[in-house]
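Got the sequence and the 3D view open? Let's walk through the fold with a few questions.

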Amino acid sequence: MNQEFLDLANERIAIEAGAVRAVSGVFDDVTDEIVGLLYSCLGKVFVTGSGTSGTIARRMAHLFSVSGTPSVYMQPSDALHGTMGALRTGDVMIAISKGGGSDEINNLCARAKERGVKIVALTSDPESELARLSDHVQVFDVADEVDPGNLIAMGSTLMHAVWGDCLAVALMRMRGYSWSDVVFTHPLGAVGKREELPDALSSLPAPDSE
């Protein structure tokens, strides 16, 4: 094996693992507000993003739904060609944008807000346009080296992904969503063929109602 490649790979793994660990420092009172909003949402949770953030948004929406929080990925450009007609008052939209300046995401979020949708921003710039138009802003402090050249979205999107994973599992435990519920909606593949299910998850208290 090429040693130069191994050195590079180990350096990148260490950087990105450190970024994932740093997510524990992201959680704050705003996180509590977002968890309460998602728990009490009577509509759908839409997740949006462009580029690599769009891939993470699609993943987050899927895992929310798998674990008991109904969620759908909304592609921002398609949304601005009519798909946003699915949005209704009572829905929540999570918008992922490191810089908070993507025109298509900000346009979509502004229009969604006019429809009564609550906007949650995942961004590194609390002064960005996305942050200004959002109801809840979760700020991620991303070191320059986390994304190569501070240009290619790598480690920062892993931070957004693990943030979503934490909320998905917490909401699952708050709702009492069981492994049986998971398997019912996931009958295909190895998951659907399992004859024995894991031990039940311990419950978490539901967020205080406003």
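**Sheet, helices and cores**

This is a predicted model, where local features need pLDDT of at least 70, side-chain atom pairs count only at pLDDT 80 or more, and totals for chains, interfaces and linings use all residues. Residues are numbered from 1 along each chain as its sequence is written, and side-chain values use heavy atoms, with hydrogens and water left out.

Q: Which strands are the edge strands of the open sheet?
A: Strands here are DSSP runs of E with at least two residues, helices are runs of H or I with at least four, and both are numbered from the N terminus. Two strands pair if DSSP finds at least two bridges between them. The five strands run in the order β2-β1-β3-β4-β5, with parallel pairing. Pairing on one side only is what marks the edge strands, β2 (71–73) and β5 (136–139).

Q: Which residue in β5 does A121 stand opposite?
A: Look at β4, residues 118–123, which pairs with β5 in the parallel sense over four bridges. Opposite A121, in β5, stands V137.

Q: At about what angle does helix α2 run to β5?
A: Axes are lines fitted to C-alpha atoms (for helices, over the stretch in contact), and angles run from 0 to 180 degrees between N-to-C directions. Helix α2 (residues 29–40) lies across β1 (45–49), β3 (92–96), β4 and β5. Its angle to β5 is about 130 degrees.

Q: Which element gives the most residues to the largest nonpolar core?
A: A nonpolar core is a set of buried Ala, Val, Leu, Ile, Met, Phe, Trp, Tyr and Cys residues joined through side-chain atoms within 4.5 Å. This one has 32 residues, and M60 and W163 are among those with the most contacts inside it. Elements giving two or more residues include α2, β1 and α7 (155–175). With eight residues, the top contributor is α7.

Q: Is H160 buried or exposed?
A: Buried means under 20% relative accessible area, exposed over 50%, and partly exposed in between (1.4 Å probe, protein chains only). H160 lies in helix α7 and touches I56, M60, I96, L122 and F140, not counting residues up to four places away in sequence; contact means heavy atoms within 4.5 Å. Its relative accessible area is 1%, so H160 is buried.

Q: Is D141 buried or exposed?
A: D141 sits in the loop between β5 and α7. Its relative accessibility is 69%, so D141 counts as exposed.
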